[in-house]
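Hi,

Here is the structure I promised to pass on. Have a look, and my notes follow below.

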Amino acid sequence: MGKKSRRKSSTKESKRLSERKKKERKQNKKLLKKENMVVKPTPKVKLVAVYGTLLSKCHNNRCLDDAKFVGEFWSEPIYQMYSTASKAFPYLLKGGSTSVKMEIYSFTDNGTEEGLDRLEGVSSGLYDKGSIQTPSGEAILYIKKTKFGDKDPQIVMGDWKDFRKTSKL
């Protein structure tokens with residue numbers, strides 16, 4: 001084979017390679033576009049602020065087994081905090097001057113939120129699902145609109161665990 005025929009064949013091969021690469025790029029772009037159209041949503045991280053039986057070392061904390069403890073903080077002094085007369089659990093009302101000690105938990109699954117809603121009786125109106133600004137961001141907060149009963153003691157110190165330790169049960 002002469003030099004001219006080698007050049008022609010190598011030129012033809014490089015053209016074929018170039019065309020094949022172009023086709024592959026087009027196919028890859030199409031695939032990427034298709035894949036990007038079906039983007040799997042990343043789970044949204046949610047926060048919940050708790051102040052009663054959901055606190056660490058309290059009996060309902062098991063509902064937060066799939067959540068991660070983020071930290072604790074004291075709320076702004078804008079609540080009234082009460083315990084049920086039986087001292088079984090606390091609740092908050094808006095419109096007061098009590099700062100409340102809370103723990104923050106983060107979670108990504110809807111099962112945790114649904115479980116908390118069930119525990120707090122959101123669908124039956126036992127608690128309302130509100131929100132609170134925490135040092136870690138906006139969090140879910142379960143609050144009441146009205147007191148359960150007239151004999152419910154107010155927790156002026158705003159710390160459920162301390163109240164349980166110091167009050168006679």
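Let me start with Glu120, which is buried (under 20% relative accessible area, with exposed over 50% and partly exposed in between; 1.4 Å probe, protein chains only). Glu120 has no salt bridge (a side-chain nitrogen of Lys or Arg within 4 Å of a carboxyl oxygen of Asp or Glu). Its nearest side chain of opposite charge, Lys144, is 9.5 Å away (Lys and Arg count as positive, Asp and Glu as negative; His and the chain ends are not counted).

Before going on: this is a predicted model, where local features need pLDDT of at least 70 and side-chain atom pairs count only at pLDDT 80 or more, while totals for chains, interfaces and linings use all residues. Residues are numbered from 1 along each chain as its sequence is written, and side-chain values use heavy atoms, leaving out hydrogens and water.

What does Glu120 touch, leaving out residues up to four places away in sequence? Contacts (heavy atoms within 4.5 Å) are with Leu54, Leu126, Tyr127 and Tyr142.

Then there's Lys147, which is partly exposed, at a relative accessible area of 32%. Not counting neighbours within four places in sequence, Lys147 is in contact with Tyr82, Tyr91, Leu93 and Asp152. Lys147 and Leu93 are 54 residues apart along the chain, yet 7.6 Å separates their C-alpha atoms.

Cheers
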